[in-house]
Amino acid sequence: MSAFTAVYWKEVRENLRDRRTLINALITGPLLGPVMFIMLMNVMVNRELAKTDRPLVVPIVGADLAPNLVAALKSAGIDATAPLSDPENAVREQRTDIVVRISPSYPTAWKNGQPVQVELIYDSSRRDASTPVMRVRSVVEGYGKREGAMRLIARGLSPTTAWPVQVADRDQATSQSRSALMFSFLPYFFVLTVFLGGMYLAIDLTAGERERQSLEPLFVNPVARWKILAGKLGAICSFSVVSLLLSVAAFATAPWFIPTEKLGIALDLGWRFGSQVVLLMLPLILLLAALQSLVSAFAKSYREAQTYLSILMIIPVLPSALLSVIPVRAEPWMYAVPLLGQNLGIVQLLRGDGMPAWQMGLCLAGGFVTAALAVWGTAQLYRSDRLAISG
Amino acid sequence: MIEVKDLHKAFGDVRAVNGVSFTARDGEITGLLGPNGAGKTTTLRMLYTLMTPDSGQVLVDGIDASTDPLAVRRQLGVLPDARGLYKRLTAVENIDYFGRLHGMPAALLAQRREALIDALEMRDIAARRTEGFSQGQRVKTAIARALVHDPRNVLLDEPTNGLDVMATRAMRRFMRQLRDEGRCVLFSSHIMQEVAALCDRIVVIAHGRVVADESPDALLAQTGETSLEDAFVKIIGTDEGLAA
């Protein structure tokens, strides 16, 4: 039996007996993402759906001045309620989403065919209020347009005279790409899964061995240290691969739990998507295993390594966070940057665009080159005298 | 046989080992005696190639440690200062792991392992996980692990550290058995009685240097003392860091 397999199987067997490692690799890591994802999506979807269908009750100041407008609102499912004494404060204090104020001059102006003001009082920084505001605005504007057209016709003019330019929407979003917008944080969950799946193993195999002082006897064996490292990295990678596979499988079931059809979006997280995600993530698995070992090797104890690694965990968030704040156009070089490439690729797969071979190639090549560098760096650290000595 | 020639090792300004030379022969027990901090562990670490000496040479069965460290490690069975067992593995699994790292075939490994388990009288703990082992049980497991590949040369760093009287006596018996099998046994200790009871040859280290390298009788003759304890104190110049 070669040294590699000896180290590999010993680490796998030993860590299968550790409950903390198992829980992280098999439960927390792979299931945290899908469960959070499904819960968030359901909360979001249900809130949005509830808002568009529900009859809206809006305080209207001066409702009796414009019975025709109030009737139009009512026919669109927007009921008038008693006016509030201080509409601006009521909105600011979130007692209501929107208040409609009809100018006292409304009846005379309407009779004389003059323009008249209807104020919508709302707070645009409150995102949950945007749906009611949009509904009220579109009803008021639609009513105004309809009445304007009637007036033109009464004067013997074509209603189109007033609107020389017509806007026609031609939205190119497919139902799948619309869903990609909502799911742009999905890549981070996959990275997090790989990270958590291997983390406790990486700590145990380096900082843990140092703390338990078992690294010194281990290095006394007639085996080159890089072979020992290779066996350990192999064990870490195996655990994170299992985590990733579980996670992909869990995500594949997500469409059953999310009312996608109500949103008019398509969500394809089937085996085709899953297998491409796994392929894309392969270099990251090795890269993260090496980085985690490298960082753990600097730590003297298990706890110290845990602290360092939770800082390291922030790094994979950056591309996802940046891409959601600053939407950048994907340049070819970006695919070769580990994490960023995976992020772009997975979002692309979600949109149903697929990934051309050259993008996939760049992604894998860039990732594996970086991973090789990280492995090399860790191997260098393993060669130092200092590493083995615990005291 | 282990030959050490003029070893030097410094950590920053501290010269931990400052010109150590000695020879440990086959079929003899050689004791490395010195107060705490004299440089015993560092010397042993350079012997089993965990550390690289700043200068000097280590030969194990004629193989130079600086040119072929893997071959040197193959000739050595080492019980380091850090015992470091894997607590989620059983004693047997701990032993087998090191046997496999030595590339031993399964049948030979099983045979050697069983022989060591009997010789070290650890049959009752063999199938237990090492978590919660007593100090003595830990040392037994660590020694079985270190000797599973049947090495010609055995290095033991403070082998009786933390053991009770019974376990210490068993350990001494085992070390004599290793010598009688013709092996080269080198162990370090800061306990004078132990060295006196076991050694065919005593190498006394103080402040990173060898201050004496004699048989126990020659040591007495050299110092003109009647007890070894007095002889050591006279050689080292102080009794600080030594235990009777």
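Helix 10 of chain A passes helix 17 of chain A in a right-handed crossing. I should say at once that this is a predicted model. Helix 10 covers residues 225-252 and helix 17 covers residues 357-383, and the two pack at an angle of about 130°, with their axes 9 Å apart. Angles from 115 to 145 degrees fall outside the perpendicular and antiparallel classes, and helix 10 of chain A and helix 17 of chain A are therefore oblique to each other.

Which residues make this contact? From helix 10 of chain A come A:Arg225, A:Trp226, A:Leu229 and A:Leu233, and from helix 17 of chain A come A:Val375, A:Thr378, A:Ala379, A:Tyr382 and A:Arg383. By character, 6 of them are nonpolar, 1 is polar and 2 are charged.

I turn now to the nonpolar cores. The largest has 146 residues, and those touching the most other members are A:Val194, A:Ile236, A:Ala289, A:Ala290, B:Ala144, B:Leu155 and B:Val204. Helix 8 of chain A, residues 186-211, gives this core its largest share, 16 residues. Leaving aside residues up to four places away in sequence, A:Val194 touches A:Ser240, A:Ser243, A:Leu244, A:Met281, A:Leu284, A:Ile285 and A:Leu288. Another core, of 15 residues, lies apart from the largest one and includes A:Ala66, A:Leu73, A:Val99 and A:Ile102.

Finally, the contact between the chains. Chain B contributes 22 residues and chain A contributes 21. On the side of chain B, the elements giving two or more residues are helix 2 (69-75) and helix 3 (91-101). Helix 3 of chain B supplies the largest share of that side, 4 residues. The side of chain B that touches chain A comprises 14 nonpolar, 3 polar and 5 charged residues.

Key
Residues are numbered from 1 along each chain as its sequence is written. Chains are lettered from A and ligands numbered from 1 in the order in which they are written. This is a predicted model: local features need pLDDT of at least 70, side-chain atom pairs count only at pLDDT 80 or more; totals for chains, interfaces and linings use all residues. Axes are lines fitted to C-alpha atoms, for helices over the stretch in contact, and angles run from 0 to 180 degrees between N-to-C directions. Angles under 35 degrees count as roughly parallel, over 145 as roughly antiparallel, 65 to 115 as roughly perpendicular and the rest as oblique. A crossing is left-handed if the near helix is turned anticlockwise from the far one by less than a right angle, and right-handed if clockwise. Two residues are in contact if their C-beta atoms, placed from the backbone, lie within 7 Å. Ala, Val, Leu, Ile, Met, Phe, Trp, Tyr, Cys and Pro count as nonpolar, Asp, Glu, Lys and Arg as charged, and the others, Gly among them, as polar. A nonpolar core is a set of buried Ala, Val, Leu, Ile, Met, Phe, Trp, Tyr and Cys residues joined through C-beta atoms within 7 Å. A residue is buried if 20 or more other C-beta atoms lie within 10 Å of its own, exposed if 12 or fewer, and partly exposed in between; C-beta atoms are placed from the backbone.
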